[in-house]
Amino acid sequence: MSSPPPSLARRRSSAPVVILFALLFTYLPSASNAKKRNRDSPHHHRGILSQHRPGSFGSLLVLQKSDEISLDSGKSVMKQIPNADDPKGGGRAICVQDIGAPKGAVWNQILDTNSYVGKVNKLKESANYFVGRNDDGSSKIKTRMVIGVLPGYKFECFYDHTFIPDKDSLVWSLDYDKTSDFDDVAGHWHLEDHPTKKGCTRVFYGCDLKLRNAVPGPVMDILTKKALRDATAWVKKESEAGDPAAIPSDQFRPAWGW
């Protein structure tokens, strides 16, 4: 069988590349629209996603023996739980990870949002614009972050975190007083002492995301499924490294210590 002419072969080999770029530009956010957004104007809604409740997941999240084996080997485990506020919905993905460090060391990493760049995959900028303690003992942390997923896909968002030390939880949504590129976010870090290993921590992490517009599958995977495992992986790495990298401890430390 004769080979196709070289020019035809080149056209055939370049076709997948052309199709890929066509798909990317079909979904590509408009840079001009992004520039026109006034970040200090309110978001176009006050919350769509059901927010996480601080505290333990309790009976909603049950670890099997096979899960415990995976966690003991250093791997993370993905679990699907029902949404307590939307039982008929598709549920929520939660990533579980065991960390060979006490809760205080783990919280020092999670709460130090000003130092996320270089630790969190794809994150380009992270800076707090408000930190304060509430009358009920919880703390408020508002942070601007910029994530660059792929060329042409950069998202600037403003997050409103609430740290509730007596429930060992950090929950967050968008700061609806500012305009973000994501449509909505609902996140939750929860820490527990390891059930059998003294001085170790079991970490639970979930983050639901709603985008304004459709994006290619690879972009969505990076922002959702991959992001869950990446998040617990960097927290494990940094917490176990022994680097104090401490945030101002008195700012968040509960009265009884960690």
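Reader: What makes the lining of the largest cavity divide into 22 nonpolar, 4 polar and 2 charged residues?

Author: Ala, Val, Leu, Ile, Met, Phe, Trp, Tyr, Cys and Pro count as nonpolar, Asp, Glu, Lys and Arg as charged, and the others, Gly among them, as polar; the lining therefore divides into 22, 4 and 2 residues of these kinds. This is a predicted model, in which local features need pLDDT of at least 70 and side-chain atom pairs count only at pLDDT 80 or more, while totals for chains, interfaces and linings use all residues. Residues are numbered from 1 along each chain as its sequence is written, and side-chain values use heavy atoms, without hydrogens and water.

Reader: Why is this space called a cavity?

Author: On a 1 Å grid over the protein atoms alone, a cavity is a set of points where a 1.4 Å probe fits but cannot get out, and lining residues have an atom within 4 Å of a point. The count comes to 1 cavity of 30 Å³ or more, and the largest has a volume of about 600 Å³, a volume being the space filled by probe spheres set on points joined across faces, edges and corners. Its lining has 28 residues, of which V120, I147, Y205, C207 and A227 lie nearest the centre.

Reader: Which element supplies the largest share of the lining?

Author: Helix α6 supplies 5 residues, the largest share.

Reader: What makes residues 225-240 a helix, α6?

Author: A helix is a DSSP run of H or I with at least four residues, numbered from the N terminus; α6 has 16 residues and therefore meets that minimum.

Conventions:
Helix = DSSP H or I, 4+ residues; strand = E, 2+ residues; numbered from the N terminus. Expected span 1.5 Å × (residues − 1). 1 Å grid on protein atoms, 1.4 Å probe; cavity = no way out; pocket = protein on both sides within 12 Å on 5 of 7 lines; lining within 4 Å.
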